[in-house]
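Subject: Model handover

Hi,

Here is the model for you to look over. My notes follow below it.

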Amino acid sequence: MSIYEQVFQMMDQPMLILIQDDNGVRIEDANQAFIRMTGYTINELQSEKGSIFLEEYKIETSVPVLKSEVSILTKQKKMLPVRLDQQPLPKCSVNSYKKSFVIFEDLTPYKWIEQQSEKNKVLISGIVDRHEHIRFLRDSLGHSLFEAQQMNDESLLQFVADTEQGPMRQVLQKAKLDKEERSLTIRTSKLSGIELNMSVTFAPILDGFGDVREFAFVIWDLNPIDDQVDASLKLRIWMAKKDMSAGHLSALTGISIQTISKLRNGKILKPQRLTAELIASELQVDVYEIWQEIRK
């Protein structure tokens, strides 16, 4: 196996190499990630069934194609939403074959996160692999829980208190076995000097063989465990819970965006009483739920 073939097979991103001649378009090669995603073996993809699979998409290999979403049918008869990027490859001087390189991204976990967001306000969402490594994170609080951390490929466990890691793994295992969503409330670690109670739901994401490939998750709620949590974080949490941006809060209260930003990032520790009361009123929370001290 050449170096190119080894790298092609090792990549986590599902990929195909298509070839086109007088007989039409067929699959020349597929990496293991594509096989896992669809459930088809390489022999099935290269068979007549594979040709029928391609005909539905009316592929022309000489044309670059970038589609934000299409659906492909897995062997489990499941319609899978994917993003695809097709790029033509240089023509081979030996023959007139046209080839293209296609990269796929399974949109299933992102779709699940969007569905949860329609049900209720999601504070933080993400995707973790089977080893609990984070490969995607969206933090609507503005880096509240994971501040100053490089999140790419970090373990989710390091943000969970030691005593909570066992229960969380049990829930993940249960979700994996039952192939169903599971929820729990756990305590975060003090990695960033913050300790919170966190309500989270995990959803197993299945591959084309019906096995769990990864988990999507949403964090619904974060609650400070003690009064020592920074007021700026409390403000960000309450604004996120109420789906309130700094601009919206500014328009409702008449407080400048600059002042609200300084309160959110901790540059103002004790606001004026009127400022605090206006903000707390719009967030429908008691002033002292956010600030322990205010200026008169």
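Start at Met 15: its bridge partner in β5 is Ile 103. That pair belongs to an antiparallel match between β1 (residues 15–21) and β5 (residues 98–106), joined by 6 bridges. Keep in mind that this is a predicted model.

Both strands sit in an open sheet of 5 strands. The order is β2-β1-β5-β4-β3, and the pairing is antiparallel. At the edges stand β2 (24–30) and β3 (65–73). Each has a single partner strand, so one side of each lacks a neighbour in the sheet. From one strand to the next, the twist averages 35 degrees.

Helix α5 (residues 108–119) packs on this sheet. It touches β3, β4 (79–89) and β5, and its direction makes about 35 degrees with that of β5.

Now the nonpolar cores. The largest has 27 residues. Met 168, Phe 202 and Leu 222 have the most contacts inside it. Elements giving two or more residues to this core are β6 (124–129), α6 (162–178), β8 (182–187), β9 (196–206), β10 (212–224) and α7 (231–241). The largest share, 5 residues, comes from β10.

A second, separate core has 19 residues, including Leu 235, Met 239, Ile 260 and Leu 263.

Which residues does Met 168 contact, leaving aside neighbours within four places in sequence? They are Leu 156, Leu 157, Val 160, Leu 184, Ile 186 and Phe 202. Phe 202 is also among the residues with the most contacts inside the largest core.

Best wishes

Conventions:
Residues numbered from 1 in each chain as written. Predicted model: local features only at pLDDT ≥ 70, side-chain atom pairs only at ≥ 80, totals over all residues. Heavy atoms only, no water. Core = buried A, V, L, I, M, F, W, Y, C linked by side-chain atoms within 4.5 Å. Buried < 20%, exposed > 50% of the residue type's maximum accessible area, 1.4 Å probe, protein only. Helix = DSSP H or I, 4+ residues; strand = E, 2+ residues; numbered from the N terminus. Contact = heavy atoms within 4.5 Å. Pairing = 2+ DSSP bridges. Axes fitted to C-alpha atoms, helices over the stretch in contact; angles between N-to-C directions.
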